[in-house]
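Visitor: I would like to learn how to read a model like this one, beginning with the whole chain and ending with the contacts between its parts. Could you take me through it step by step?

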Amino acid sequence: MPRNKEIKKVLVIGSGPIVIGQAAEFDYAGTQACRSLKEEGVEVVLINSNPATIMTDKEIADKVYIEPLTPSFVRKVIRKEQPDSVLPTLGGQAALNIAMELEESGFLKRHNVKLIGTTSLTIKKAEDRLEFKNTMEKIHEPIAASIVVNNTEDAVAFANEIGYPVVIRPAYTLGGSGGGIADNEQELVDICANGLRLSRVGQCLIERCIAGWKEIEYEVMRDGNGNCITVCNMENLDPVGVHTGDSIVVAPSQTLADKEYQMLRSSALNIITELEITGGCNVQFALHPETFEYCVIEVNPRVSRSSALASKATGYPIAKVAAKIALGYTLDEIKNAITGKTYASFEPALDYCVVKIPRLPFDKFIQASRKLTTQMKATGEVMSICTNFEGGLMKAIRSLEQHVDSLDTGEFTELTKEEILNQLEVVDDRRIYVIAEAIRKGIANETIHEITKIDEWFIDKIQILVEMEQRLKNEELTVELLKEAKRLEFPDSVIARMSKKTEEQVKEMRYANDIIAAYKIVDTCAAEFEAHTPYYYSCFGSFNEVEEISNNKKILVLGSGPIRIGQGIEFDYCSVHSVWALKKAGYETIIVNNNPETVSTDFDIADKLYFEPLTAEDVESIVRMEKPDGAVVQFGGQTAIKLTQALMEMGVPILGTSAENVDAAEDRELFDAILEQCEIPRPSGHTVFTVDEALKAANELGYPVLVRPSYVLGGQGMHIAHSDKEVKEYIEIINVHTQEHPILVDKYLMGKEVEVDAVCDGSDILIPGIMEHIERAGVHSGDSISVYPTQSLKQCVLETIEEYTRRLAKALHVIGLINIQFIVYNDEVYVIEVNPRSSRTVPFISKVTGVPIVDLATEVILGKKITELGYSYGVHKRADFIAVKMPVFSFEKIRGADINLGPEMKSTGECLGVGKTFNEALHKAFVGSGIKGPINKKVILTVKDSDKEEIIEIGKRFKQLGYDIFATRGTSRVLNANGVLAFPINRIDEESPTLMDLLLDHRIDMVVNTPEKDGKVGDGFLIRRVAIETGVTCLTSLDTAKAALTSLETADHADISIINLAEVK
Amino acid sequence: MRAFLILEDGHVFTGESIGSSREIISEIVFNTSMTGYLEVLTDPSYAGQAVTMTYPLIGNYGICFEDMESKKAWPDGFIVRELSRLASNFRNEADIDSFLKEQDIPGIKGVDTRALTKVLREKGTMNGMITTKEYADLTEVTDKIKSYKVTGVVAKTTCKEKISYKPGEFGTDADVDCGLHVALLDVGSKNNIIRCLLKRGCTVTVYPAFSKAEEILAEKPDGIMVSNGPGDPSECVEVIAEMKKLYESGTPIFAICLGHQLMALATGAKTEKMKYGHRGANHPVKDVRTNRVYISSQNHGYVVKEDSLNPEIAKTAFVNVNDGTVEGLEYTKQPVFTVQFHPEACSGPKDSEFLFDEFVKMMEVSE
């Protein structure tokens, strides 16, 4: 079937802010699909509220609307742009839900807009629990005994019938949000009530618990002619019970014989056919480990996190093919871009093993429960490729960048055998390390399997790794042993540590004996056909396949690794743009990264892609092979920056700002000297290593003080300390991992935070825009609402900021990007942080100012002057509109995490509101971040004493909007005394009805709670958690609350415009 | 023990001996299936060849004897990257190394199978030797290796005597009975062809490859099935002559793989050797009548030459989407259809198993 020529203009719906369960994979899919549509001459209109995405670039789509992803805003875009079709299958659950609403309301029909890529019937059959169940029954595909309930009573009755434990899955939610496993009635009632509230349609599925079965996934494609293929299957190391997003996953399946493999494959094809999906689809199965019995767990009728993983694991571009299918092509008409010879209608054959490990955020949420359940908690993931599973696992572990480079973490060494046996029962992110320790302690693999239900094949592989550790520790390091250790991907550092040698000695021994990494191609076909795409992975003991592809100078671009809080998709945006700019300038580009969810690891972004861990050794192997002419590190976040020194030692010139100057910005003493030389004030402070030094510094400065390690990500380990006790506490936390760099103790100033990204060409700077934060200093910049252009700063302050930026950029000899954070306190400007690299705000500012910051920075790095690139020095002209960047959190996914904002970053993503006025932009930002408008018009206010004064004004504004105010005793007393009617309400430990009852009653729209003290568990903590878990908006800063009020006040003045950012120049 | 794979062009791959340690010379081919190594090992079509598995981790789920596609393993040798030391599957009965030993098949592990595959892809299928002996001078053996020819393999693999099966056997359901009787000409048949017929309620009589057409036709079967099998089809002169008679009888015929090639030869078309063949479980074939694409299991090194077809006798029904080669023929004058791929799968996808239903329909219509 050739392409449907009636499709000329397509609206693509993105997935919105990054939250747990909906991350960068949709930017990857959306970008690939948009490019694929444009390739066919289709005009692409895009809506996505997430500014850090590549898909919202004007190079990717023809019209770009960074607007809230709500039915109302999508309707506005459709009315304005009048597309003929909407493609909703690339934006995850968020986009599907919106499409469903527009279709069901008849809006699409009235505007002559077709849904392409899927139908509402398909979405319904796959997503609606009851319809899904009926559909599966119709085609005789087994599902676990289950019932769809609208209330907890029915859930309990059903559970009594089939027995506990049961699984609860709310309908239409992200990443299994609100779901869980209940072992008894109390748990069932709790989880179910919460799930009903979180579900868009108030439905939950209660099902037979099949925990412990093998979890297997298939990625399937189908075209309009009914042709179906499976792209690949994947097996979870963690049996059913852990969300696949939190599981260690291997592709292809390892423990399935052809009979099981084909049985499930046929089932997946059967399902996609019955659902009449045109495009990609993911089917998850539970397979009984001892029989052929299986159940279909879930079907996602769209591209997903798993499909991104499958694409990267196989080289099959699922999103691209799905987009072509949506245009009417059949699989046998779409060329396989990797081979250029075969077509999309084949199934990839792998000749390697892929291992994915989730990146969990427990390093950020120390108090949170690490337990892994059916509700996803991972913020990102890493993937590795190797010719054996053991090597894949070892590579993936070190790709996580969690201070772990082998299975021997030492964390469980002290535990007794008995304690290890108990620890094995715990299903959390450390389970593989516990298994390794169990093997070391002589616990039988069979026993480990009995407890964990993990297939013995995987346990045996872990044992092989443990045996190698023992050999390295106990035997002479012979060439043979070294070869075998490298085949299993033991890094030199681990071999050195275990065999009591230095890393240098190990490396020398390797080179002397020619034990070096070889690179193999991911070609979709196990070498059956010639591939033209240089997509490589390393392994030891093999022939190398790397070829020279051009005579151009080569530049190495380091990616940013897994998505984690503090280092998100924005760095991938920067890496990709840098690659594009380098290519445009005539260089051969080589990218190294290990994140399967991102655009940068798509096979056609750089000239060569190395899917590898980002460690010095792994990068060195690539450098030895490729001999690049230079490396760019300033776009890959801390991951890339950390490798600067190592690259220099390898003799690779660092392009742009030099390593010494990066150090100068981080090294406190050097930096102080530079500030002094530039005559720029900064809050006074000291560098310390020990608790005693810290206490001395804090007392000298006077409390409160800011304590943080240098070289940090997203304020990790950063705290505001008010007392000696707190200083002690925080220093101890920071020193859990040995610090190579000192700890900083600074005076804390409660002023206005201002942020600047600038490009410096060595002579002068260009500031595309200056941003101002809504929250006062103390809240991490990534968690603050950020406004462009600044609203409250005087011209003279802005001029000072420009001048300080210029001085700093020059003093640090910045070539490329620099990000500076200032505090404005009584109209005085202080510098608090300088990062001579790209930052989180670069994509956002690029989009709203129209200045292609990364492209300019890349050109500058290559030697161009800003003025040669068509821009002038100084601050770029202010935009005609206002943009508000809003942080988005995933607190509901992380049980036990405290949500109060502070210097440590906690948000997982961001969205943007763009408006003609500040209020309009702010309103859109709030709507886009998912904060609901008035429903019950009831708010709880409970603030610490020092905030009582400020709460009066806030109370008044809520009253004016018609809200009922409930407040704890102290807060209500202040409000009532000042003429704001507030109902006093008991604290949690008092008599019912208490605050908690109000929340659990589901009649509260919002809670404003300012924590008494940083990071303390108490009443406030409970209130905040309960609010989050019952889906109530909870704000912990009065500044945010005021902004939220402004948003609510603006909502009444409808007629909100939408802005096409592709037109911004 | 160290082992070597020596190719006729002088390439040497070093690994470790698995299975039997005897020395063999064979034609080296590669298979890209990620599962189903036992089905591959017991597929008679591999007689005369040594198989390289491109998937690097082999033996993970051990040996489940019920998955064997014939009574024994047929390849001369087995080449893998890594053999799992633990076999883990609820049906696992033995590990692959002892299976190979028991079957007296030599193998080699630790080979960079991707590098080997690339050699075969670029230079075409070639002969090789698996040995544990270290030859100081390769010229000693390369001539011997070069001179090897796959021959007489159909005679080796076919059953010795006629044998009948009825529904209920081979793990099928005894209550399904369509009353049709199929004669299966065994030129190296896989069990699942028989199973696919039994499953549909047919009774099946398996005939040795060198049976006379008259003998088969005398039983008045409702349909004739010609199986897959090994080797160069044009070598099977006697079988081709009998197939011509079967064709002319007007009895519905369905043929697979070697059977498909033999039928083409019997009706005047030609076959040729492919550069490196199709062996794997991921080959797309397109039904040119409906434009539907099916993923198929394949194992063949020869192919029917498209330009040798007489459209008055047979038309192309299926083509390979990757390289456009003939994958199936529909005969115009007789109720005969044949496919190059394996609708019986095992290993591989079952997407085209419906062709057996079509065969049953064809037999019903012709009744």
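**From overall shape to contacts**

Guide: This is a predicted model, and a sensible beginning is to set the radius of gyration beside what a compact globule would give. With 1065 residues, such a globule would have a radius near 31 Å, and chain A has 28 Å, which agrees. Taken along the principal axes, the C-alpha atoms of chain A fill a box of roughly 75 × 70 × 65 Å.

Visitor: How many helices and strands are there in chain A, and what share of its residues count as buried?

Guide: Chain A holds 36 helices and 39 strands, and 62% of its 1065 residues count as buried. One can also ask how far apart in sequence the contacting residues are: among contacts between residues at least 6 apart, 71% join residues at least 24 apart.

Visitor: How should I read a sheet, taking the one that contains β7 of chain A?

Guide: A sheet is read by the order of its strands, their direction and its edges. Here the order is β6-β9-β7-β8 in chain A, an open sheet of 4 strands with antiparallel pairing. The edge strands are β6 (146-149) and β8 of chain A, each of which pairs on one side only. Direction ignored, neighbouring strands of this sheet are turned by 25° against each other on average.

Visitor: How many bridges join β7(A) to β9 of chain A, and which helix lies across these strands?

Guide: There are 5 bridges between β7(A) and β9 (residues 204-208) of chain A, and the two strands run antiparallel. At the level of single residues, Pro170(A) stands opposite Cys204(A) in β9(A). Helix α8 (residues 185-198) of chain A lies across β7, β8 and β9 of chain A, and it runs at about 15° to β7(A).

Visitor: Is Ala171(A) buried or exposed, and where does it lie?

Guide: The test is a count of neighbours, with 20 or more inside 10 Å needed for a residue to be called buried. Ala171(A) has 21 C-beta neighbours inside that distance, and therefore counts as buried. It lies in the loop between β7 (166-170) and β8 (180-182) of chain A. Leaving aside neighbours within four places in sequence, Ala171(A) is in contact with Asp128(A), Arg129(A), Ser199(A), Val201(A), Gln203(A), Cys204(A) and Leu205(A). By comparison, Glu137(A) is 34 residues away along the chain, and its C-alpha atom is separated from that of Ala171(A) by 18 Å.

Visitor: How is a contact between two chains described, for instance that of chain B with chain A?

Guide: The size of an interface is often given as the accessible area lost when the parts come together. Here we count residues instead: the contact takes 41 residues from chain B and 42 residues from chain A. On the side of chain B that touches chain A, the elements giving two or more residues are α3 (113-123), β16 (271-287) and β17 (292-304) of chain B. The largest share, 5 residues, comes from α3(B). By class, that side of chain B divides into 15 nonpolar, 13 polar and 13 charged residues.

Visitor: Into which domains is chain B divided, and how many residues does each give to the contact between them?

Guide: Chain B is divided into domain 1 (2-150) and domain 2 (155-366), and 27 Å separate the centres of these domains, taken over C-alpha atoms. Their contact takes 23 residues from domain 1 of chain B and 26 residues from domain 2 of chain B. On the side of domain 1 that touches domain 2, β3 (24-31), α1 (37-41) and α3 of chain B each supply at least two residues, and β3(B) gives the most, with 3 residues. That side of domain 1 has 9 nonpolar, 10 polar and 4 charged residues.

Methods: Residues numbered from 1 in each chain as written. Chains lettered and ligands numbered in written order. Predicted model: local features only at pLDDT ≥ 70, side-chain atom pairs only at ≥ 80, totals over all residues. Rg over C-alpha atoms; globule rule 2.2 N^0.38 Å. Buried ≥ 20, exposed ≤ 12 C-beta atoms within 10 Å, placed from the backbone. Contact = placed C-beta atoms within 7 Å. Nonpolar A, V, L, I, M, F, W, Y, C, P; charged D, E, K, R; others polar. Pairing = 2+ DSSP bridges. Axes fitted to C-alpha atoms, helices over the stretch in contact; angles between N-to-C directions. Domains from an automatic or database assignment.
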